[in-house]
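User: I am new to this structure and would like a close look at one part of it. Please explain any terms as you go.

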Protein chains: 2
Amino acid sequence: MDTAAVVAEIAAVLDGRHADIRGRVRDELVPRAGMLAEVEELSRADYRERVREVLVETAGTGLTGLGFPTEYGGGGDIGASIAAFETLAMGDLSVLVKTGVQFGLFGGAILHLGTKRHHDAYLSDVVAGRLLGCFAMTEHGHGSNVAELGTTATYDPETDELVVTTSGPDAYKDYIGNAAAHGQMAAVFANLVVGGESHGVHAVLVPIRVDGSPAPGVRIADDGPKMGLNGVDNGRLWFDEVRVPRANLLNRFADITDDGRYESSIENPNRRFFTMLGTLVQGRVSVGGAGITASKAALAIATRYAARRRQFGTGEGEEMLLLDYGQHQRRLIPLIARSYALSFAQDELREQLHEIFSADPETVEEHRRRELESRAAGTKALATWHATRAIQECREACGGAGYLAENRFAALKADTDVFMTFEGDNTVLLQLVAKGLLTDYAGSFEDLDQLGMVRFVAGMAVDTVLERTSAHKLLERVRDLLPGGDSWDQEAEIRDPEYHLAMLRFREEHMLGGVARRLKRGVDNGGDAAEVFSAVQDHVIASARAHVERLVLEAFVARVEKMAEGPARELLAQVCTLHALAEIERDRAWFMEHGRLTIQRSKAISREVGALCRELRTSAVDLVNAFGVPDELLRAEDLIG
Amino acid sequence: MDTAAVVAEIAAVLDGRHADIRGRVRDELVPRAGMLAEVEELSRADYRERVREVLVETAGTGLTGLGFPTEYGGGGDIGASIAAFETLAMGDLSVLVKTGVQFGLFGGAILHLGTKRHHDAYLSDVVAGRLLGCFAMTEHGHGSNVAELGTTATYDPETDELVVTTSGPDAYKDYIGNAAAHGQMAAVFANLVVGGESHGVHAVLVPIRVDGSPAPGVRIADDGPKMGLNGVDNGRLWFDEVRVPRANLLNRFADITDDGRYESSIENPNRRFFTMLGTLVQGRVSVGGAGITASKAALAIATRYAARRRQFGTGEGEEMLLLDYGQHQRRLIPLIARSYALSFAQDELREQLHEIFSADPETVEEHRRRELESRAAGTKALATWHATRAIQECREACGGAGYLAENRFAALKADTDVFMTFEGDNTVLLQLVAKGLLTDYAGSFEDLDQLGMVRFVAGMAVDTVLERTSAHKLLERVRDLLPGGDSWDQEAEIRDPEYHLAMLRFREEHMLGGVARRLKRGVDNGGDAAEVFSAVQDHVIASARAHVERLVLEAFVARVEKMAEGPARELLAQVCTLHALAEIERDRAWFMEHGRLTIQRSKAISREVGALCRELRTSAVDLVNAFGVPDELLRAEDLIG
């Protein structure tokens with residue numbers, strides 16, 4: 001099999017079952033590649049207009065509405081809609097993010113939190129890009145901690161209306177996409193007050209502009225220039241007793257009856273709140289996927305550059321290619337491997353999302369839904385951190401040329417930076433993951449803020465987590481998987497995927513058990529829950545990360561196993577091995593500290609990572625070509641040749 | 001002693017002996033703080049004009065010319081000029097970088113590479129900002145590898161002129177500051193050809209603009225928008241047989257005689273080349289210092305924000321301050337400690353530079369000059385990487401607010417990114433450091449490209465490096481320093497600075513010895529020098545880094561020891577301990593692998609880092625206030641309150 005065939009096979013594996021949709025998105029993006037350069041010369045206002053135009057045009061192709069029911073002009077395919085979004089991330093990222101705001105967030109809120117009356121009234125216009133809207137959740141005073149929002153929506157039985165008000169100086173909505181210029185309506189998250197009683201956060205549709213001017217009682221400010229994404233009109237919203245009909249409450253999970261009573265199918269207010277937020281998991285899946293795509297664009301540029309650029313010599317004759325330097329291989333190739341790993345993890349996540357959201361909600365167990373949310377949170381965190389790191393490393397690896405806007409790193413870097421923050425701060429998201437693991441997605445999960453979690457885990461720890469993760473049991477389970485018995489970790493083949501999986505599984509369980517024990521001990525010793533949590537927090541986050549890393553590796557190993565025998569599979573198996581060993585190497589101190597790596601083996605793993613980088617050097621360009629980012633979109637003619 | 005007094009004392013320690021100059025620079029910057037916001041709304045062309053105006057105004061204060069002789073309007077104080085530059089980095093960084101180009105690079109080339117005729121002709125105008133110029137070294141095809149530049153300057157005895165030509169498609173000068181709009185003259189680095197013979201890279205003054213238009217034979221292009229620093233007019237220069245008088249050769253180290261012969265006081269062409277580059281060490285010292293300042297601005301914003309911002313709760317009542325979260329402390333406080341450490345290392349470097357460049361050149365030993373260059377290279381690399389990392393971490397720690405331009409991270413991040421590349425790519429700089437260490441700054445140093453170095457070290461290794469760094473000798477030396485004899489590394493007090501120093505010294509020597517052995521073995525086994533180098537390159541770079549880390553810690557420990565007893569010293573001693581332990585923790589895998597950390601002690605060090613972060617939590621705001629970045633320049637009113 002020749003190289004081109006290997007690249008094509010791997011590209012097909014990456015495109016997966018949505019290859020067709022991805023191809024269609026590429027076909028939309030390539031003719032518009034010139035935009036990447038043009039927007040740099042536009043004023044912020046013109047850039048925003050340009051992005052709006054492209055958004056509306058793209059809506060016309062049907063590619064941005066794939067996740068909506070067909071009766072409203074959508075595609076009725078959630079998985080495809082995520083795949084399209086991921087691919088759209090190869091183009092201008094302001095277009096991407098505005099697309100996410102309009103269709104994923106604003107449209108998604110109407111679809112998932114609203115009922116037929118809202119769908120019938122708005123979805124066709126949303127899908128067609130005729131009604132542009134905002135997702136007004138975050139407030140200046142409250143980003144991640146949504147439960148504490150200050151905006152209120154008070155039911156007035158006199159007029160049968162909801163009165164939406166910004167209460168307090170920090171309660172204005174902030175960073176809201178589509179707010180500063182284009183949004184006509186907003187899904188406003190507010191504390192719902194009925195009959196004087198507060199029922200927690202609910203979403204209400206509020207028109208914010210009438211004929212292009214702020215609606216009465218609505219004040220709008222511009223967030224001004226940002227680090228990146230300046231084609232998105234982020235802004236601030238204040239509501240001063242803005243009245244909307246009761247019917248504007250997105251009432252899928254809770255409603256106000258005709259006689260003015262609050263009712264909800266979910267009794268527990270915390271569970272209700274988390275159920276509402278849970279329907280928005282799609283946003284996190286989308287952002288994570290977009291981050292992975294951005295990392296691929298950066299790696300494609302830097303790797304192809306390194307395979308052409310010569311610098312410093314052998315002393316005699318031609319200078320050396322950057323990619324022939326060991327350090328340069330070490331910088332780029334493990335990042336390529338990680339983009340592969342995250343892609344396959346994202347595939348599994350997308351499938352899971354598709355299945356759960358395509359199914360009759362009644363048939364989906366609560367447990368599966370929680371796992372999906374946890375996985376979405378964790379994958380988003382790892383994927384967006386990876387994007388930031390990969391783009392940075394690639395920029396540096398291209399030297400001064402990497403600093404010029406003409407080579408795309410400037411935009412990639414500036415635009416993706418906020419991916420680590422929006423749709424949930426990465427650190428907060430990993431805490432969410434840890435909470436799920438520690439409480440085993442217990443029914444009472446929703447009741448727990450992080451300090452509630454401390455108390456909960458401390459209370460249950462002995463029986464469940466501690467038991468499950470006792471060192472004894474752990475080793476027993478691993479021992480069964482690998483030859484070598486008690487010394488599996490020393491005798492396993494260093495390139496055996498089962499060994500890698502065992503290492504990552506061991507780490508995850510051991511860390512989780514440790515966290516549970518520390519929480520319990522802290523509380524047992526009479527510690528204040530806040531202090532106990534604060535002291536253990538880095539351990540909590542490391543556990544969550546270890547969990548997601550294990551899922552990522554499992555996805556990679558499983559995907560390789562599903563491939564037909566041949567050179568493409570052999571190549572990806574090698575990439576998978578590099579990814580696994582690089583992860584073990586990164587955390588080798590932990591493995592040594594916990595008796596799972598001897599000094600000799602730790603050094604051997606580092607040597608093996610170096611050896612794999614050298615082995616993969618000749619395939620590096622193939623591997624980034626298989627990412628399938630069209631050359632036009634790399635916008636780095638001078639670098640990639 | 002109250003807190004304000006402690007802050008004042010520490011601030012005075014940081015400002016050091018140039019407190020007066022630093023104060024004067026602050027006084028210039030504060031009234032102009034509004035510029036930080038204004039420039040965001042300017043077109044690129046207007047931003048450049050604004051920066052030029054500020055540069056000329058500042059030149060009028062004398063603060064940018066401190067490094068020039070007084071007879072040309074300068075201050076005659078090199079140390080002060082670096083301190084002024086470091087402080088200027090609190091303001092707009094385009095102003096800073098254009099200042100660096102004009103006075104440090106262009107002016108520096110005339111001062112250090114030229115002779116009296118150039119000084120008399122140009123320096124007064126340069127210092128006053130009347131003659132703006134470029135430092136045209138980097139070519140598109142050759143960034144770091146200056147020796148291979150393609151531009152030629154050929155002596156024509158017929159007309160007694162130098163003919164400057166861009167030879168080859170990649171030989172145009174690129175990324176040249178002041179080139180796209182304002183530069184009237186350039187110090188062009190070109191291969192000097194006299195009598196048909198090439199003499200390597202020399203600098204020639206070439207007028208590039210006449211009355212604002214490109215000079216005949218000179219083509220100028222704009223580098224266009226960049227990731228940051230868009231107030232600096234970077235551009236490209238092509239020379240098509242541009243003729244300048246022979247007198248335009250900057251002839252301090254080499255000249256063309258009246259009868260058209262080449263002559264130089266330095267016979268060896270490589271040594272000559274490195275001597276010329278060596279005079280430009282000031283640029284690296286300046287950039288490193290500016291990076292440290294930028295990290296301080298970011299840390300001041302994020303830390304003060306974390307001490308005000310509450311998010312998520314205790315379940316009862318008020319939410320928790322971000323800075324009370326263990327993870328948040330872990331993110332910010334070790335970075336604060338590292339900014340301190342690097343500041344003190346920078347102080348030593350600045351002093352060294354000042355002494356060597358203020359002395360009669362004849363009296364300075366070659367060896368000291370090489371050590372200065374090595375130290376400047378290494379400190380620049382560590383300082384600018386630190387800046388990038390700290391600014392990134394601080395941005396993330398401020399969430400969505402950190403993404404808005406109004407809170408300065410956008411500019412800080414985008415503007416400082418290229419610090420890792422210009423004045424020498426950080427990776428290449430660390431290789432330079434390693435080369436010096438491995439060859440012990442041998443006289444033949446200059447002859448060696450990196451592969452020459454491989455052969456050299458392989459040849460000499462047994463006698464010198466290997467001997468010096470044998471494990472036995474190493475331990476012997478350390479043992480004498482610390483109680484505990486052979487088990488010093490296990491019995492020393494975990495917070496004892498002597499222990500930290502011993503650990504970092506051991507690592508450095510051990511790594512260097514390892515590199516030397518691997519190089520030797522590779523060559524002895526008949527390996528190709530390029531392959532041997534490539535395989536060992538990451539080890540080479542790690543050694544250099546270990547060396548610089550040791551210097552940094554030594555500087556911190558020494559500075560604390562010089563302070564008077566009292567709470568300020570106690571506080572800084574604690575910060576120093578955190579810095580040292582965080583560095584050992586970061587590399588604890590290496591220390592375990594090399595028998596210098598037991599599993600128990602490795603875990604104890606991580607615990608100690610956590611404990612120190614908690615202990616320093618209450619002083620964190622004081623520590624960043626002592627950085628002395630005026631509030632107006634933090635431009636983050638909303639975050640810092």
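What follows starts from helix H10 of chain A and then turns to other parts of the model.

Analyst: This is a predicted model, in which local features need pLDDT of at least 70, side-chain atom pairs count only at pLDDT 80 or more, and totals for chains, interfaces and linings use all residues. Residues are numbered from 1 along each chain as its sequence is written, while chains are lettered from A and ligands numbered from 1 in the order in which they are written.

Helix H10 of chain A spans residues 326–358; helices here are DSSP runs (H or I) of at least four residues, numbered from the N terminus. The axis of H10(A) comes within 9 Å of that of helix H20 (residues 567–586) of chain A, and the two cross at roughly 105°. That makes H10(A) roughly perpendicular to H20(A), a term for angles of 65 to 115 degrees. From H10(A), A:Ile333, A:Pro334, A:Ala337, A:Arg338, A:Tyr340 and A:Ala341 meet A:Val575, A:Leu578, A:His579 and A:Ala582 of H20(A); contact requires C-beta atoms, placed from the backbone, within 7 Å. By class, the residues of this contact are eight nonpolar, one polar and one charged.

H10 is also among the elements that cover the buried residues of helix H5 in chain A, and helices H2 (19–29), H6 (93–113) and H9 (281–306) are included as well. H5(A), residues 78–88, is mostly covered, with eleven of its eleven residues buried (20 or more other C-beta atoms within 10 Å of the residue's own). Among them are A:Ile78, A:Phe85, A:Glu86 and A:Leu88.

Elsewhere in chain A, A:Leu437 has its place in helix H13 (residues 426–438). A:Leu437 counts as buried because 23 other C-beta atoms lie within 10 Å. Beyond its neighbours within four places in sequence, A:Leu437 touches A:Leu512, A:Ser543, A:Ala544 and A:His547. A:Ser374 is 63 residues away from A:Leu437 in sequence, yet 8.7 Å away in space, C-alpha to C-alpha.

Last come the two chains together. Chain B is superposed on chain A by a rotation of 180° with 0.0 Å of shift along the axis, at an RMSD of 0.0 Å. The two copies are thus related as by a two-fold rotation axis. B:Ala589 is the residue of chain B that comes closest to this axis, its C-alpha being 2.2 Å away. Each chain puts 61 residues into the contact. On the side of chain B that touches chain A, helix H19 (residues 529–562) of chain B gives the most, with six residues. That side divides into 22 nonpolar, 20 polar and 19 charged residues. Since 100% of the interface residues of chain B are also interface residues in chain A, the copies meet through the same surface.

Note on methods. A residue is buried if 20 or more other C-beta atoms lie within 10 Å of its own, exposed if 12 or fewer, and partly exposed in between; C-beta atoms are placed from the backbone. Two residues are in contact if their C-beta atoms, placed from the backbone, lie within 7 Å. Copies are superposed by least squares on the C-alpha atoms of residues with pLDDT of at least 70 in both. Ala, Val, Leu, Ile, Met, Phe, Trp, Tyr, Cys and Pro count as nonpolar, Asp, Glu, Lys and Arg as charged, and the others, Gly among them, as polar. Axes are lines fitted to C-alpha atoms, for helices over the stretch in contact, and angles run from 0 to 180 degrees between N-to-C directions. Angles under 35 degrees count as roughly parallel, over 145 as roughly antiparallel, 65 to 115 as roughly perpendicular and the rest as oblique.
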